[in-house]
Amino acid sequence: MPRATSERFSKAHKPSAKKSGTSEDPSTSSVRNPIFNTERFGQHILKNPSIAQEIVEKANLRPTDKVLEVGPGTGNLTVRILEKAKHCTAVEMDPRMAAELTKRVQGKPEQRRLEIIIGDFVKAELPYFDVCISNTPYQISSPLVFRLLSHRPLFRVAILMFQREFAMRLVAQPGTTLWSRLSANVQLYAKVDHVMNVGKNNFRPPPNVESSVVRIVPLDPPPPVRFEEFDGLTRIIFSRRNKTVHANFQAKGVAEMLEKNWKTWCSEQDKVIEDIKMKQKIESILEETGYSDTRAAKMDLNDILKHVLLSAFHDSGIHFA
């Protein structure tokens, strides 16, 4: 993964005078200025300075904080982060944007407190950080959330902007229309709150959908549940969220996958692999726990998924990853 600070950019990365385009003036045209043709990265530049300021204020930055910013674009959030934090590491996929951000702080005191990593956030080697702030490129919304939640040591808070529907799924509660596998998986490891809505006209180019900002605070300590196991369970029961749990476990390939996992577990535990009728075993567990006829759309995270259903399968040596 190429890494570059503002002092390491080559001439090829430096913008020409015709591509200055760093103003927050909304009249700048994405057609006349190709640096803002960012759709292929799913990125839309936040142009409203008051919205940018409000997002940074929501993070309650401290003078000692090290901040990770994902998708800085031309730096409208970055410059405000640098006003309050000790250091900012910005991960930017587009070298043109990185060059614009470099130019924006060049020769200023903030230059020494900014590091730019050019490349894919999902694959980048992340430094230590206290806070994450992101105007998130749309196509990495889900990978970004789970990359952050798996990062160690735990960060203090993340203030993240997403498409509104994605943001609403993050904060959805059991029994609501948007309660989903994503909701359950994220809320297992973090407290998630909706912070503010951001209209599409605050971006350049304007996206086709509205946006929202959420606050994610990881649970510390995290729950003693292996994510791969929990995700494997929710993948099955939320495959058809309005069907019963029993019906989802009867789906093609599920019993075969769990039997394979069971045999692997027996081998690792030096247990004799006996003949097992996995479908009957699954039905027995679901009946004993009382969730055979329950629908995922109505299932509560803490009382059911984490403590009862997953544990019941594990007690029988059946694993999901």
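User: Which residues of α6 are buried in this model?
Analyst: The model is a predicted one. In it, α6 is mostly covered, as eight of its nine residues are buried. A residue counts as buried when its relative accessible area is under 20%. The residues of α6 that meet this criterion are L182, S183, A184, N185, V186, Q187, L188 and Y189.

User: What is the angle at which helix α5 and helix α6 pack?
Analyst: Helix α5 spans residues 164-171 and helix α6 spans residues 181-189, and their axes lie 7 Å apart. The two helices are oblique to each other, and α5 passes α6 in a right-handed crossing. The packing angle is about 55°.

User: Which residues make the contact between α5 and α6?
Analyst: Contact here requires heavy atoms within 4.5 Å. Both helices contribute to the interface: α6 supplies L182, S183, V186 and Q187, and α5 supplies F166, R169, L170 and V171.

User: Is α6 roughly parallel or roughly antiparallel to α7?
Analyst: The axes of α6 and α7 are 10 Å apart, and the angle between the helices is about 155°. Angles over 145 degrees count as roughly antiparallel. Therefore α6 is, with respect to α7, roughly antiparallel.

User: What is the handedness of the crossing in which α6 passes α7, and which residues of α7 are met there?
Analyst: The crossing of α6 past α7 is right-handed. From α6, the residues taking part are R181, A184, N185, L188 and Y189. Their counterparts in α7 are F227, F230, D231, T234 and R235.

User: How many residues of helix α7 are buried, and which are they?
Analyst: Helix α7 covers residues 227-237 and is mostly covered, with eight of its 11 residues buried. The buried set consists of E229, F230, D231, G232, L233, T234, I236 and I237.

User: What separates K263 and E259 in helix α9?
Analyst: K263 forms a salt bridge with E259, and the closest N and O atoms are 3.6 Å apart. Both partners are partly exposed, K263 at 37% relative accessibility and E259 at 23%. An α-helix has 3.6 residues a turn, so residues three or four places apart point the same way. Because K263 and E259 are four residues apart in helix α9 (residues 254-268), their separation is about one helical turn.

User: Which residues are joined into one network by salt bridges, and how many salt bridges are counted?
Analyst: Salt bridges that share partners link R181, D231 and R235 into one network. R181 in α6 and D231 and R235 in α7 also appear among the residues that meet between these helices. The count of salt bridges comes to eight.

User: What is the N to O distance in the salt bridge of D193 and K191?
Analyst: D193 counts as partly exposed, at 24% relative accessibility. K191 is likewise partly exposed, at 48%. The side chains of the two residues meet in a salt bridge, with an N to O distance of 2.8 Å.

User: How far apart are the closest N and O atoms of R226 and E228?
Analyst: R226 is partly exposed, with 48% relative accessibility, and E228 is partly exposed at 41%. A salt bridge requires a side-chain nitrogen within 4 Å of a carboxyl oxygen. R226 and E228 form such a salt bridge, and their closest N and O atoms are separated by 3.6 Å.

User: Is S141 buried or exposed, and which residues does S141 touch?
Analyst: S141 lies in helix α4, which spans residues 141-150. Because its relative accessibility is 6%, S141 counts as buried. Leaving aside residues up to four places away in sequence, S141 touches T136, F162 and F166.

User: What distance separates the C-alpha atoms of R147 and F121?
Analyst: R147 is found in helix α4 and is partly exposed at 21% relative accessibility. Beyond residues up to four places away in sequence, R147 touches F121, V122, K123, A124 and L126. R147 and F121 are 26 residues apart along the chain, and their C-alpha atoms are separated by 9.0 Å.

User: What percentage of the residues in the protein chain is buried?
Analyst: The protein chain has 11 helices and 10 strands. Among contacts between residues at least 6 apart in sequence, 70% join residues at least 24 apart. The chain exposes about 15,300 Å², of which carbon and sulfur atoms supply 48%. Of the 321 residues, the buried share is 52%.

Methods
Residues numbered from 1 in each chain as written. Predicted model: local features only at pLDDT ≥ 70, side-chain atom pairs only at ≥ 80, totals over all residues. Heavy atoms only, no water. Buried < 20%, exposed > 50% of the residue type's maximum accessible area, 1.4 Å probe, protein only. Areas by Shrake-Rupley, 256 points an atom, 1.4 Å probe, with all protein chains shown as cover. Axes fitted to C-alpha atoms, helices over the stretch in contact; angles between N-to-C directions. Parallel < 35°, antiparallel > 145°, perpendicular 65-115°, else oblique. Left-handed = near helix turned anticlockwise from the far one by under 90°.
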